Amino acid sequence: MEFRTHRKALWGIGSAFVRKRIGVLISGNGSTLQAILDCRDLCDVGVVIASKENAYGITRAKRAGVPVEILPEGLRNKENKSEAEKWILSKLAAFRIEKVILAGFMRIVSQDFIKKYSENIYNIHPSLLPKYKGIDSFEEALKSQDQTAGATFHHVATDVDSGEIILQREFEIPDHREASLSHLWLHIQEQRVLKESLRKVLWQPVQI
């Protein structure tokens, strides 16, 4: 489903851009989700799917007026991964989702799941991939006394954090390195990369 909005100041008279309908998959606080919700001039957030019923991101989505679907408790075990993915895909189809963003989604998706959305499923990771894949990547950068860190927006592949890189930005780590402040700094940088990435993959200028 295409949503067209005039952007004469950006694209010139007689041009517009197509807003893609996206689904966001979350598991926790939803800070990345909030950054996406703050960019709703770039995309139409059709549904948020949470893997946990106590994820604070659910509250964020509801405040923004976005439909929320919560993975049923009986499908949350690893043994039920296939059925869980079928359930998620059915919800994405029901809401006519064109692109999927994993926003702190703490489940590894299968190759079959990825194939359903081909090149239209994305993730943002808080490191300069391929460095520090997986969880606690920023903590690894701090432990290694790195002077810089970064964020990477990439296609999702079967191997964790190994998909084709779409956009990557490097930043200097603050000198103080106090944990809570450093993580706040990281979130700010990560959200900047996310917004830039959304413009790159979701804005599609068309002539009218």
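**A colleague's note on the pocket, the cavity and the strands around them**

1. Let's start with the largest pocket: helix α7 supplies the largest share of its lining, 4 residues. Please keep in mind throughout that this is a predicted model. The space in this pocket comes to about 910 Å³. Its lining counts 34 residues, and Gly104, Phe105, Met106, His125 and Pro126 are the closest to the centre. Besides α7 (179–202), the elements that give two or more residues to the lining are α2 (31–37), β6 (121–125) and α6 (137–143). By class, the pocket lining splits into 14 nonpolar, 14 polar and 6 charged residues.

2. A word on the chain as a whole, to help you find your way. You will find 7 helices and 9 strands in it. Of its 208 residues, 48% count as buried. If you take the contacts between residues at least 6 apart in sequence, 62% of them join residues at least 24 apart.

3. Now for the enclosed space. How many cavities of 30 Å³ or more does the structure hold? There is 1, and the space in this largest cavity is about 40 Å³. Leu25, Lys81, Glu85, Ile88, Phe105, Arg107, Ile108, Val109 and Phe113 form its lining. Sorted by class, that lining has 6 nonpolar and 3 charged residues, with no polar ones. Phe105 is worth finding on your screen: it lines the cavity and is also among the residues closest to the centre of the largest pocket.

4. Which helix gives the most to the lining of the largest cavity? That is α4, residues 81–94, with 3 residues. This helix has 14 residues and spans 20 Å from its first C-alpha to its last, close to the 20 Å expected at 1.5 Å a residue. Its buried residues are Ala84, Glu85, Trp87, Ile88, Leu89 and Leu92. Among these, Glu85 and Ile88 also appear in the cavity lining. Just past the end of α4, Arg96 has a positive phi of about 55°.

5. Ile108 deserves a closer look. You will find it in the loop that links β5 (99–102) to α5 (111–117). Is Ile108 buried or exposed? Its relative accessible area is 52%, so Ile108 counts as exposed, yet it is one of the residues lining the cavity. Apart from neighbours within four places in sequence, Ile108 touches Lys81, Glu85, Thr158 and Val160. Two of these contacts, Lys81 and Glu85, line the cavity as well. From Ile108 to Val156, 48 residues along the chain, the C-alpha atoms are 9.9 Å apart.

6. Next comes strand β6, which also contributes to the pocket lining. All 5 of its 5 residues are buried, so β6 is largely enclosed by the rest of the structure. Side chains in a regular strand alternate between the two faces of the sheet. Here Ile121, Asn123 and His125 lie on one side, Tyr122 and Ile124 lie on the other, and both faces are covered. His125 is also among the residues closest to the pocket centre.

7. What are the partners of β6? With β5 it pairs in the parallel sense over 3 bridges, and Ile121 is the bridge partner of Val100. With β7, β6 runs antiparallel, joined by 4 bridges. In that second pairing, Ile124 faces Phe153.

8. Strand β7 (residues 148–155) has 7 of its 8 residues buried, so this strand too is largely enclosed by the rest of the structure. It pairs with β8 (residues 165–172) in the antiparallel sense over 7 bridges. Phe153 is a handy landmark: it stands opposite Ile124 of β6 and opposite Leu167 in β8.

9. Finally, Gly150, which belongs to strand β7. Gly150 has a relative accessible area of 2%, so it is buried. Setting aside neighbours within four places in sequence, its contacts are His125, Pro126, Ser127, Leu128, Arg169, Glu170, Phe171 and Leu186. The C-alpha atoms of Gly150 and Ser127 are 4.8 Å apart, with their positions 23 residues apart along the chain. Two of the residues that Gly150 touches, His125 and Pro126, bring us back to the pocket, where they are among the residues closest to the centre.

Note on methods. Residues numbered from 1 in each chain as written. Predicted model: local features only at pLDDT ≥ 70, side-chain atom pairs only at ≥ 80, totals over all residues. Heavy atoms only, no water. 1 Å grid on protein atoms, 1.4 Å probe; cavity = no way out; pocket = protein on both sides within 12 Å on 5 of 7 lines; lining within 4 Å. Points joined across faces, edges and corners; volume = space filled by probe spheres on them. Nonpolar A, V, L, I, M, F, W, Y, C, P; charged D, E, K, R; others polar. Expected span 1.5 Å × (residues − 1). Buried < 20%, exposed > 50% of the residue type's maximum accessible area, 1.4 Å probe, protein only. Pairing = 2+ DSSP bridges. Contact = heavy atoms within 4.5 Å.
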